Amino acid sequence: MNINNDRKKYKFLEDVAIADVAYEAYGKDLNELFENAAMAIFELSANLDTVDAKEKIEFEFENDKIENLLYDFLSEILFLKDSKYMVFKKVKVSIKENKKYHLKAVLEGEGINPQKQQLENDIKAVTMHMFEVKKEKNKWKAVVVVDI
Amino acid sequence: MRLVTTNLTYKEVQPKLRELVDTLFRTVPAGVGSRGFVDASRSQFKEIMTYGSKWCIENSYGWTEDLERTEGYGRIDWAEPEKVSSKAMERGIKQLGTLGSGNHYLEIQIVKAENIFDEELAKKFGITQPEQVVIMVHCGSRGFGHQIGTDYLRIFEGTMKKYGIEVYDRELACAPFQSNEGQDYYKAMACAANMAFANRQVILHRIREGFSKVFKTEAEKLEMHMVYDVAHNIAKLEEHVIDGHKKKVVVHRKGSTRAFPPHHPELAKLYKETGQPVIIGGSMETGSFLLVGTQKAMDETFGSTAHGSGRTMSRAAAKRQVRGEQLQRDMEKRGIYVKAISMSGLAEEAGFAYKNINDVINAVAEAGISMPVVGLKPVGNVKG
């Protein structure tokens, strides 16, 4: 669990998916929700104290469904890990809604180096099992299960 | 899942166990973002997707005899690289020859006299003496197959409505087998299966090199023959008898593995009389089993059996019970030398987080869907 300024960013859920890892991410708006959902993946991949934000990667996505947008966004992080050999530490998301949802993301991290970083799980995929994005009162919540 | 024998005994391996595991840890990359040693070009990677293990043998990553010891000769012939996204290719191209993380492993195991359940069959499978050292590898198509899964999951999500399909869980997104989308996925999935066969094949090549280096003897002289390589996440068109009639059906083995009986037409000559060797993996602390396929599996479970012991405890719960460093020390005291990239990943794989493998084996034997031949005890382990 990661606590920041007394507000939960994300929480790992136990015994939901025994062989996989499930988590809930939260945010006051969609931008924060997406950022926190990404941070959970970063934390699962490496000890973030051992990762530096040296390189930036930017990408954009569009979708008319917010759930699909989050799925594509998180899947892209796994794709970048394996194709650019990077682990990430920081993320900035900006989502604009105009008929469709348009996402701009900036990830910051560095090239994978097992001698420097404490690497953890090589996440295989974001699954659609229990996958959900919803607004509860005044905050957003997502449920994500990743295949480890 | 792949099992390889040697003619070495534990007595010979034990003094060099540490050197052996360290060598394999170095030469078979594991963990997050590891790069494989096969530097394939895009056109070579397409050949790998198409020809699987066959490509490896043609490119000197193995022995010709390895093919008949692999499910489907290590190649699924309906693979079409055109059905695979360039994203999946980009993700997978440098992963050939990597182990991955999670429950994937490379294990040095030994045969105990009391764990030989069928001596005659054991001999036919290459397990000829107590204390014999064998190697087991569990890994698959890595990020490549998962990217294909991710790509087609999104495609199916968009087409299920068109086909009037509703599912209880979105992860079960699907398409009719004969639809364009269904056929495209079937051909793309075959590319992932071929990459997985090839991945284990090139890893075997590295294992043979590693043993050869440490024992200063050629792999051939160490008799490092494969027992078998069997997939455990795959869908295939097969012929089965249903209500007395032969039918072609798609058998999807997910969390299960093939267990064909003697004389099954898809078995290579080598195993025609014995039936197919079946490998069931247990936890890194408790051991694994070599079994044989049966007619009962054919009759009752579409030629399938269990593929592993299965978890009983979440990863987070396992990590709360033991620290990776402690587990590593405890296991070493018990004669199991483990080398892992991630200590928390190691804790997640602790033996107590899994079902008792003996219970699983007893269950499949009682059901008659595969019969135990040999039990294998771990002594060395490489983990991501």
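This tour moves through a predicted model with chains A and B, beginning where the two chains meet and ending at two single residues.

**Stop 1: the two chains together**

Select chain A and chain B and colour them separately. At their boundary, 37 residues of chain B are in contact with 38 residues of chain A. The area buried between the two chains is about 3200 Å², and carbon and sulfur atoms give 49% of that area.

**Stop 2: charged and polar pairs across the boundary**

How many salt bridges does the rule find across the interface of chain B and chain A? There are six. To view a salt bridge between the chains, select A:Asp122 and B:Arg142 and display their side chains; the distance from N to O is 3.1 Å. Polar contacts can be sought along the boundary as well: 16 residue pairs are in polar contact between chain B and chain A, both residues of each pair being at pLDDT 80 or more.

Next, select the helices of chain B that take part. Helix 6 (86-92), helix 8 (142-159), helix 11 (315-321) and helix 13 (343-348) each supply at least two residues to the side of chain B that touches chain A. Which helix of chain B gives the most to this side? Helix 8 does, with eight residues. By type, the residues on this side of chain B comprise six nonpolar, 16 polar and 15 charged.

**Stop 3: helix 8 of chain B**

Keep helix 8 of chain B selected and hide the rest for a moment. Helix 8 has 18 residues, and the distance from its first C-alpha to its last is 26 Å, close to the 26 Å expected at 1.5 Å a residue. Restore the surroundings, and helix 8 proves to be mostly covered, with 14 of its 18 residues buried.

**Stop 4: B:Gln201**

Now select B:Gln201, which lies in helix 9 (residues 180-214) of chain B. Is B:Gln201 buried or exposed? B:Gln201 counts as buried because its relative accessible area is 0%, and the cut-off for buried is under 20%. Show its contacts beyond four places in sequence: among them are B:Arg2, B:Cys56, B:Tyr61, B:Trp63, B:Asp66 and B:Met226.

**Stop 5: A:Glu43**

Finally, move to chain A and select A:Glu43, in helix 1 (residues 30-45). A:Glu43 has a relative accessibility of 28% and therefore counts as partly exposed, since that class lies between 20% and 50%. Add A:Phe88 to the selection. A:Glu43 and A:Phe88 are 45 residues apart in sequence, and their C-alpha atoms are 8.8 Å apart in space.

Methods:
Residues numbered from 1 in each chain as written. Chains lettered and ligands numbered in written order. Predicted model: local features only at pLDDT ≥ 70, side-chain atom pairs only at ≥ 80, totals over all residues. Heavy atoms only, no water. Contact = heavy atoms within 4.5 Å. Buried area = accessible area lost by both parts, 1.4 Å probe. Salt bridge = Lys/Arg side-chain N within 4 Å of Asp/Glu carboxyl O. Polar contact = N/O pair within 3.5 Å; in protein donor to acceptor, adjacent residues only side chain to side chain. Helix = DSSP H or I, 4+ residues; strand = E, 2+ residues; numbered from the N terminus. Nonpolar A, V, L, I, M, F, W, Y, C, P; charged D, E, K, R; others polar. Expected span 1.5 Å × (residues − 1). Buried < 20%, exposed > 50% of the residue type's maximum accessible area, 1.4 Å probe, protein only.
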